[in-house]
Amino acid sequence: MVDVRFISSSIIQAANHSASSERIELTPWDLRFLQIGHIQKGLLFPKPKAPLQENDTENTLIHHLKTFLSHTLHYFPPLAGQLAITQHEDDTISLFINCNNARASFTHAVAGVTISDIIKPVYVPTIIHSFFPLNELTNFEGTRKPVLGIQVTDLIDGIFIGCTNNHVVVDGTSFWHFLNSWSEISKGLIHLSKPLVFQRWFPDDTIIPIRIPRSVVKLKQSNKELESILPENITKLKAKANTEMGTNNISSLQALLSHIWRLVICNKRFDPNEEITYRVVVGCKRRLSKLPDNCFRNVILGVFVTMKAKELLEQETENTAWTMNRKIATVTEESNKFEGKTILFCGVEEGSIDIEVCLFAETMGALAIDEEFMDVLTL
C-alpha cells in the first residue's frame with residue numbers, strides 16, 4: 001500500500017487585511033449545510049517537462065502557490081476567516097462568519113503514485129482521500145478548523161492540488177470562482193475586475209441572528225464513488241431525450257441525472273407502486289434577478305422529483321428527464337411557488353375557506369373542467 005508522506009504544513013493569511021473584522025450573518029440556506037461534509041475539488045497536473053532540481057518543487061512551486069494564495073485571500077476574506085458560534089440561554093445557538101483573517105491551511109505532501117494510477121481505475125483509488133485536507137469533518141467544525149484547506153501532493157509524474165472548503169461559507173459555483181481567481185492572480189492578474197458581495201440578504205421581517213437548536217449539529221457521512229462520462233455519450237442522451245419529447249428544453253445534466261436515477265432504481269428492489277423521490281440541487285444565482293452576479297455565498301435550492309418505481313422501470317429515460325425538467329422549471333423568484341403547493345385562508349363568508357393551489361398549467365386546465373372538483377368551489 002502506498003502511503004502519503006507529509007512534508008510541511010503552513011498557515012496562510014490574506015496579504016492585506018484591515019484591522020476590523022467583517023461579520024457575515026448566516027441565512028437558512030447556509031445553515032442547512034452544518035451537518036454535512038465540506039466541498040472538495042481536486043486539480044491534477046503533469047509535472048513540467050524540464051527536470052526539477054532537488055527540492056525545487058518545495059522552493060519554487062510551493063512558494064509561488066502560497067504567495068499568490070495569500071494575495072487571493074485578500075479578495076476573499078470569508079475564506080481566511082472562521083465560523084463563530086454564539087450560545088444562547090434558551091439552549092439554541094447562532095453562527096456567523098468572522099472575517100478575522102484567522103487562517104487557511106496549506107499542506108505539502110508526496111505520494112509514490114503516477115497520474116495513470118489515479119485516472120485509469122474504474123473506481124476512485126482510496127489514496128485519493130489522502131490528497132485532501134480537512135477530511136472527516138462536518139461544516140460545523142469550521143468553528144475550530146479553517147474553512148479553507150489546500151494540499152499540494154507531489155506524484156511521480158504529476159502534481160495534485162486538493163482543495164477543501166466549508167459548504168456553509170460558499171457553494172460550488174463560488175468555490176470555483178475562488179479557484180479560478182487564484183489561478184488568474186498566480187499568472188499576473190493585478191486585481192479582480194469586479195468587487196465581490198459577501199453579505200447575505202434577509203427578508204425585512206427576519207430576526208437576526210437566526211437561532212437553531214443545539215441538537216441540530218450531528219455528524220453525517222457517506223461513501224462516494226466518482227466515474228467519468230464521455231461528452232459524446234452525454235450529447236447522445238440529451239439529443240435522444242429532446243427528440244423523443246419534442247422539445248429543446250431538456251439539458252445535458254437533466255438527461256444524465258435521469259438516466260442514472262432510472263438505472264439505479266432498475267437495479268434495486270422496489271415495490272412497483274412505491275414512490276421514489278430524487279433531490280436535485282438547483283443553482284439559483286441566475287434565477288434571481290435581484291442577486292448580483294458577483295455574490296459570493298450559498299445560493300442553491302433542493303428540488304424534489306417524485307415518481308413511482310414502475311414509472312421509472314417502464315418508461316424511457318426521456319420521460320424521466322422531462323418530469324425532472326418541468327419540476328426544475330418551477331424554481332423562479334415569483335411568489336416562492338412550487339408544483340403542488342397548497343395554501344388555505346379564511347374566506348370572507350364565515351365558515352368558508354379560500355384555497356390557493358400551484359399546479360402546472362395543463363393540470364390546472366384539467367381541473368377547471370372536472371365537475372367533481374368544481375362542484376365544491378364557488379368562483
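## Cores, backbone features and a surface patch in a predicted model

Helix α6 spans residues 252–266 and contains Ile 260; helices (H or I, at least four residues) and strands (E, at least two) are DSSP runs, numbered from the N terminus. This is a predicted model, in which local features need pLDDT of at least 70 and side-chain atom pairs count only at pLDDT 80 or more, while totals for chains, interfaces and linings use all residues. Residues are numbered from 1 along each chain as its sequence is written, and side-chain values use heavy atoms, with hydrogens and water left out.

Ile 260 has 37% relative accessibility and counts as partly exposed; buried means under 20% relative accessible area, exposed over 50%, and partly exposed in between (1.4 Å probe, protein chains only). Together with Ile 229 and Val 264, Ile 260 makes a nonpolar surface patch of about 210 Å². Such patches are made of residues with over 30% relative accessible area and no salt bridge, nonpolar side chains (Val, Leu, Ile, Met, Phe, Trp, Tyr) being joined within 5 Å and like charges within 9 Å. A salt bridge is a side-chain nitrogen of Lys or Arg within 4 Å of a carboxyl oxygen of Asp or Glu.

In the interior, the largest nonpolar core has 44 residues, of which Leu 69, Leu 73, Leu 79, Leu 148, Ile 150 and Phe 178 touch the most other members. A nonpolar core is a set of buried Ala, Val, Leu, Ile, Met, Phe, Trp, Tyr and Cys residues joined through side-chain atoms within 4.5 Å. At least two residues of this core come from each of α2 (56–73), β5 (92–99), β6 (104–111), β7 (148–154), β8 (158–165) and α4 (172–186). The most is given by α4, with 5 residues. A second, separate core of 18 residues includes Trp 261, Val 282, Leu 291 and Met 324.

Leu 79 touches, among others, Leu 73, Arg 103, Leu 148, Asn 165, Phe 178 and Phe 296, not counting residues up to four places away in sequence; contact means heavy atoms within 4.5 Å.

Two residues other than glycine have a positive phi, as listed below.

| Residue | Phi | Loop | Relative accessibility |
|---|---|---|---|
| Asn 101 | near 55° | between β5 and β6 | 10%, buried |
| Leu 134 | about 55° | between α3 (115–119) and β7 | 16%, buried |

A further backbone feature is the cis peptide bond that joins Ile 208 and Pro 209, with omega about 5°. Pro 209 is placed in the loop between α4 and β9 (212–213).

Note on methods
Areas by Shrake-Rupley, 256 points an atom, 1.4 Å probe, with all protein chains shown as cover.
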